[in-house]
Amino acid sequence: MLDLLDSDRLVSHQPLPTLLLSTQDDRVLSANDTAHRLFGPETSGRAFSELLQCDVSIAAVFFDAVAHFGTYIDRSLSLARPDGTALRLQSYGVQVQPDLVLISFLDLDEHDHRSRVAEQEAHQRAGLSQWQNIYGFFREVEAQNHLILEAAGEGIYGINAMGQATFVNRAAQEMLGWSSDDLIGRDLHATIHHKHLNGEHFPAHTCPIYASFRQEETKRVDDDVFWRKDGKPILVEYVSTPIYDHGVLAGAVVIFRDVTERKENERKLREALAQVEELKVKLEQENDYLLTEIRSARSHTGVVGVSPAIKSLNARIDLAARNKAHVLVSGPPGSGKSLTVSAIHEASDRARRPLVRISCDHLSAQELEAELFGYRRGAFAGATRDNTGKLIMAHNGTLHLDEIADLPKGVQAKLYDVLQRGHFQRLGDSTQTPVSLTVVATTSRDLMAELRAGRFRQDLYFALNVFSITCEPLHERPEDIPYLAKHFLDRTTRRLRLPTTRLSKSNIDALTQYEWPGNVRELENVIERAALLAQGGRLEFDFQRPDSSFAARSDVVLTQDDLRSLERENLQNALRRAGGKVSGQKGAAAMLGIAPTTAYSKIKSLEIDPKAFK
Ligand SMILES: Nc1ncnc2c1ncn2[C@@H]1O[C@H](COP(=O)(O)OP(=O)(O)OP(=O)(O)O)[C@@H](O)[C@H]1O
């Protein structure tokens with residue numbers, strides 16, 4: 001039999017609540033501390049059956065099993081807590097001696113509770129380490145994002161759903177002049193976006209940035225303005241994108257760029273282009289002006305004169321201008337043929353189109369052809385670049401063919417062809433060029449006589465002579481002389497800023513008595529020279545032929561044609577002075593010192609009509 005000391009030692013080492021029982025006496029011989037805590041401090045010495053909450057027979061069966069197997073475990077026993085409530089227990093019975101049983105208990109409720117707590121703790125520990133991993137990951141991502149945001153050249157800021165700044169990157173701070181601390185938590189629209197460039201208030205409800213998170217869509221704006229801390233505006237373009245936190249709209253991120261410099265450059269470029277355009281228009285206008293100047297220099301203030309011949313000329317000019325018909329203007333040199341051409345062009349509805357002049361008396365047939373029709377580069381040796389040609393230049397305008405009588409016959413045929421067909425081919429060009437022309441031809445020769453002599457094509461003559469105008473020689477309209485003289489005098493003194501000079505009665509008499517073989521051009525030259533040399537406002541006229549006359553130029557070499565036209569002009573002058581008389585004392589032959597027969601044969605060969613001088 002165990003003594004008390006052995007019994008206590010035996011139970012005190014047990015980790016679970018343990019009792020040593022005498023099955024024979026139904027007595028608890030010893031109980032460890034945990035058993036006392038579980039069943040109550042008075043457990044030792046008590047009858048075991050008093051502690052039971054189950055039937056005694058169940059305990060008897062348990063002890064029989066322990067006696068039989070030596071050790072036995074089951075959950076059939078139920079003991080009471082000190083408060084009398086039943087404990088759910090797992091009992092471990094060991095037969096220590098024939099009627100001594102050591103019985104340990106596992107409090108199943110307590111055990112379950114501990115298991116649950118342990119499980120929760122394990123779960124928490126596992127969760128914590130997982131969370132730590134995630135937290136670490138996000139911190140890393142955030143750090144990277146932060147670096148990216150800070151390194152970005154664009155300004156980036158975020159706003160929450162109330163429009164307050166949540167972050168502002170470095171570029172944004174630099175561009176706006178506001179620090180991040182200034183801005184975080186502030187209403188950004190009210191701070192940097194409150195007014196338009198023109199100073200007008202910018203209400204928040206119309207702000208595209210707010211709209212981006214109200215409407216949950218990305219907004220791009222390329223011409224807006226943000227206001228710096230120093231009150232200066234910066235021109236910006238930006239993208240505002242709504243952002244979400246766990247699926248819930250959280251605000252917007254705005255990425256913006258300062259485009260002030262770019263916009264300024266664009267503005268300067270636009271201004272420069274506008275200036276170029278303005279200059280272009282101005283240049284065009286100046287060209288127009290120059291054109292008009294040249295024309296008005298030719299025509300001065302228009303056709304001056306009061307004679308019936310000038311009145312009729314003006315009426316014919318108006319008529320010709322109203323028609324698109326080709327015109328033939330004839331008259332002696334210097335009588336105003338070119339002026340008439342200008343006046344017709346100016347009065348016509350082609351006035352805004354060019355008046356293109358070509359002299360037929362200075363160029364060879366090939367040169368004339370090239371000048372008129374133009375050519376492609378390489379069309380002939382020396383054609384190093386394309387030449388538009390005067391026909392094209394005069395398209396829808398006026399083509400002035402000066403001294404048409406000198407147009408070579410081959411070119412006459414081609415010109416007639418163009419006038420008939422309305423198109424032509426440039427030299428070296430395979431395509432036809434359409435052209436609409438109004439030709440005004442001038443001649444100081446008798447074109448009909450040229451036609452009769454076979455030097456001028458009949459078809460072209462009739463094509464050009466649809467409307468004919470004659471400029472009378474000046475000596476046939478002496479009443480125009482004072483007006484023309486005054487006109488040229490005023491013009492010269494004005495142009496050369498000379499002191500005002502008046503024409504005296506004797507001046508007018510001298511002018512009207514002179515023959516004016518060089519017609520109005522000669523009058524113009526005489527007046528200009530006199531105005532320049534005027535002494536004390538007095539005009540002195542020198543009626544010599546201008547320096548350009550053949551006789552005055554000793555170094556000039558004359559061609560056969562020159563000699564012929566000189567001879568013709570001389571004979572005409574003689575006939576004019578002789579009033580068309582050839583023979584006799586006051587006849588042209590006597591004036592020239594030649595026999596009348598010679599004079600008659602020259603008149604014939606030079607195709608002069610003496611009747612024209614009667
Ligand atoms: N009635 C006029 N009123 C004002 N100026 C005139 C008049 N007639 C001629 N002129 C001027 O006289 C000068 C000679 O005239 P224009 O050149 O028209 O003559 P033209 O007959 O064409 O001469 P050419 O046959 O030699 O070319 C020009 O300066 C012209 O403006």
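Here are some worked exercises on the predicted model above. The model is predicted, so local features are used at pLDDT of at least 70 and side-chain atom pairs at pLDDT 80 or more, while totals for chains, interfaces and linings use all residues. Residues are numbered from 1 along each chain as its sequence is written.

**Exercise 1. Get an overview of the protein chain.**

Step 1: Start with the secondary structure. The protein chain has 23 helices and 17 strands. Helices (H or I, at least four residues) and strands (E, at least two) are DSSP runs numbered from the N terminus.

Step 2: Check burial. Of the 614 residues, 29% count as buried. Buried means 20 or more other C-beta atoms within 10 Å of the residue's own, exposed means 12 or fewer, and partly exposed is in between, with C-beta atoms placed from the backbone.

Step 3: Look at contacts, meaning C-beta atoms, placed from the backbone, within 7 Å. Among contacts with a separation of 6 or more, 55% come from residues 24 or more positions apart.

**Exercise 2. Work out the order of the five-stranded sheet and find its edges.**

Step 1: Recall that strands of a sheet pair through backbone hydrogen bonds, either parallel or antiparallel. Here, two strands pair if DSSP finds at least two bridges between them.

Step 2: Write down the order. This open sheet runs β12-β13-β16-β11-β17, with parallel pairing.

Step 3: Find the edges. β12 (355–359) and β17 (467–470) each have a single partner strand, so one side of each has no neighbour in the sheet.

Step 4: Add the twist. On average, neighbouring strands are turned by 20° against each other, direction ignored. The axes behind that angle are lines fitted to C-alpha atoms, for helices over the stretch in contact, and angles run from 0 to 180 degrees between N-to-C directions.

Step 5: Zoom in on one edge. Five bridges join β12 to β13 (residues 398–402), and Leu355 has Thr398 as its bridge partner.

**Exercise 3. Describe the hairpin of β6 and β7.**

Step 1: Pair the strands. β6 (residues 155–160) and β7 (residues 165–168) run antiparallel and are joined by three bridges. Ile159 stands opposite Ala165.

Step 2: Inspect the turn. Four residues lie between the strands, and Gly163 takes a positive phi near 85°.

**Exercise 4. Which domains give residues to the shell around the ligand?**

Step 1: List the neighbours. The ligand is surrounded by 23 residues, and the closest are Val304, Gly336, Lys337, Ser338 and Val520. A residue is near a molecule or strand if its C-beta atom, placed from the backbone, lies within 6 Å of it.

Step 2: Trace the helices. At least two shell residues each come from α10 (260–299), α12 (337–347), α18 (481–495) and α20 (519–533).

Step 3: Name the domains, with bounds from an automatic or database domain assignment. Domain 3 (300–471) and domain 4 (473–547) both contribute, so the ligand lies between them.

**Exercise 5. Is Tyr375 buried or exposed?**

Step 1: Place the residue. Tyr375 sits in the loop between α13 (365–373) and α14 (390–393).

Step 2: Count. Tyr375 has 21 C-beta neighbours inside 10 Å, so it's buried.

Step 3: Look across the sequence. Asp429 is 54 residues away from Tyr375, yet their C-alpha atoms are 7.1 Å apart.

**Exercise 6. Examine the positive phi of Glu403.**

Step 1: Read the angle. Phi of Glu403 is near 50°, a positive value in a residue other than glycine.

Step 2: Locate Glu403. It's in the loop between β13 and α15 (409–421).

Step 3: Classify it. Glu403 has 18 other C-beta atoms within 10 Å, so it's partly exposed.

How values were computed
Two residues are in contact if their C-beta atoms, placed from the backbone, lie within 7 Å.
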